[in-house]
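Biologist: I would like to go through this model with you. Short questions, short answers, please.

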Amino acid sequence: MPRVSQEQAKLNRQRVVEVAASLFRERGLHGVGVADIMASAGLTHGGFYGQFANKEALAAEAFDIALDEENRGDLDTLVANYLSLGHVLSPGRGCPLAALANDVAREPPGSPVRARFTRGVERLAALLSNLSPRAAKERRKQRSLAALSTLVGAVVLARAVDDDALAEDLIKAAQASLTA
């Protein structure tokens, strides 16, 4: 079997990470296997271990890619995009914090995915703090953590309920509390 060039291997690896980022957000960390990820990337299962130590290593890297995909601007734009029906209905393209919080909570302390998730929470909280009106540092930190909790919580709940009107009410209530 012919070997792929280093450049092609790099492209293949990137494709696997991007596909995994989407599939993990759609199906959860344990709802998708290595074979599924590789097949969705158009590659064979055998190539996986030449690129990644294990599925957990891929998940940690995929989490970072998913977090980097977040489109941001000012605070109002971030809130409007995050608390949108499109975000609620498209977990595979949305924020990994809202998509994977429950899965990550079940990971053992010290796992690479949990560490990346923690850095993601810190990173988004810092972003929210920087976008918030000026106040004392501790007050901005508290406000940013409350805002992050509201954003993520509203999306998680809106995805979980089987009542479209309630889902919309959850999103609107969160928007109102963050833009007031």
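Biologist: Is Phe48 buried or exposed?
Modeller: Buried means under 20% relative accessible area, exposed over 50%, and partly exposed in between, with a 1.4 Å probe and protein chains only. Phe48 has a relative accessibility of 1%, so Phe48 counts as buried.

Biologist: What kind of model is this?
Modeller: Residues are numbered from 1 along each chain as its sequence is written, and side-chain values use heavy atoms, with hydrogens and water left out. Local features need pLDDT of at least 70, side-chain atom pairs count only at pLDDT 80 or more, totals for chains, interfaces and linings use all residues, and the model itself is predicted.

Biologist: How many helices does the protein have?
Modeller: Helices (H or I, at least four residues) and strands (E, at least two) are DSSP runs, numbered from the N terminus. From that end on, the elements run α-α-α-α-α-α-α-α-α-α. With 0 strands, the count of helices is 10.

Biologist: What share of the 180 residues counts as buried?
Modeller: The C-alpha atoms fill a box of roughly 60 × 40 × 30 Å along the principal axes. Within the 180 residues of the protein, the buried share is 37%.

Biologist: How many aromatic pairs are there, and what is the geometry of Phe48 with Tyr49?
Modeller: Rings of Phe, Tyr and Trp (its six-membered ring) pair if their centres lie within 6.5 Å; planes under 30 degrees apart count as stacked, over 60 as edge-to-face and the rest as tilted. The whole structure has 3 such pairs. For Phe48 and Tyr49, the centres are 4.7 Å apart and the planes stand at 85°, a pair that is edge-to-face.

Biologist: And why is the pair of Phe63 and Phe117 classed as it is?
Modeller: Their ring centres are 5.6 Å apart and the planes make 45°, so the pair is tilted. It links distant parts of the chain, with Phe63 in helix H4 and Phe117 in helix H8, 54 residues apart. Both Phe63 and Phe117 are buried. The class asked for is tilted.

Biologist: Which residues make up the cluster of ring pairs?
Modeller: Ring pairs join them into one cluster. Its members are Phe48, Tyr49 and Phe52.

Biologist: How many salt bridges are there?
Modeller: Side chains of opposite charge can pair when their charged atoms come close. A salt bridge is a side-chain nitrogen of Lys or Arg within 4 Å of a carboxyl oxygen of Asp or Glu. The total in the structure is 4.

Biologist: Which residue does Glu61 pair with?
Modeller: The closest N and O atoms of this salt bridge are 2.5 Å apart, and the partner of Glu61 is Arg13. The pair links distant parts of the chain, from helix H4 (residues 55-68) to helix H1 (residues 6-27), 48 residues apart. Glu61 is partly exposed at 25%. Also partly exposed at 25% is the partner, Arg13.

Biologist: How far apart in sequence are the parts tied by Arg116 and Asp64?
Modeller: Their side chains meet in a salt bridge at 2.7 Å, N to O. Arg116 lies in helix H8 (residues 112-131) and Asp64 in helix H4, so the parts tied together are separated in sequence by 52 residues.

Biologist: Which residue forms a salt bridge with Arg123?
Modeller: The closest N and O atoms are 2.6 Å apart, and the partner is Asp68. Arg123 is in helix H8 and Asp68 in helix H4, 55 residues apart. Arg123 is partly exposed at 36%. At 49%, so is Asp68.

Biologist: Which residues form the negative surface patch?
Modeller: Patches take residues with over 30% relative accessible area and no salt bridge, joining like charges within 9 Å and nonpolar side chains (Val, Leu, Ile, Met, Phe, Trp, Tyr) within 5 Å. Areas come from the Shrake-Rupley method with a 1.4 Å probe; Asp and Glu count as negative, Lys and Arg as positive, and His and the chain ends are not counted. A charge is placed at NZ of Lys, CZ of Arg, CG of Asp or CD of Glu. The patch consists of Asp162, Asp163, Asp164 and Asp169.

Biologist: What is the relative accessible area of Asp163?
Modeller: Asp163 sits in the loop between helix H9 (137-160) and helix H10 (164-179). Asp163 is partly exposed, at 36%.

Biologist: Is Gly92 buried or exposed?
Modeller: Gly92 lies in the loop between helix H6 (85-89) and helix H7 (96-105). Its relative accessible area is 5%, so Gly92 is buried.
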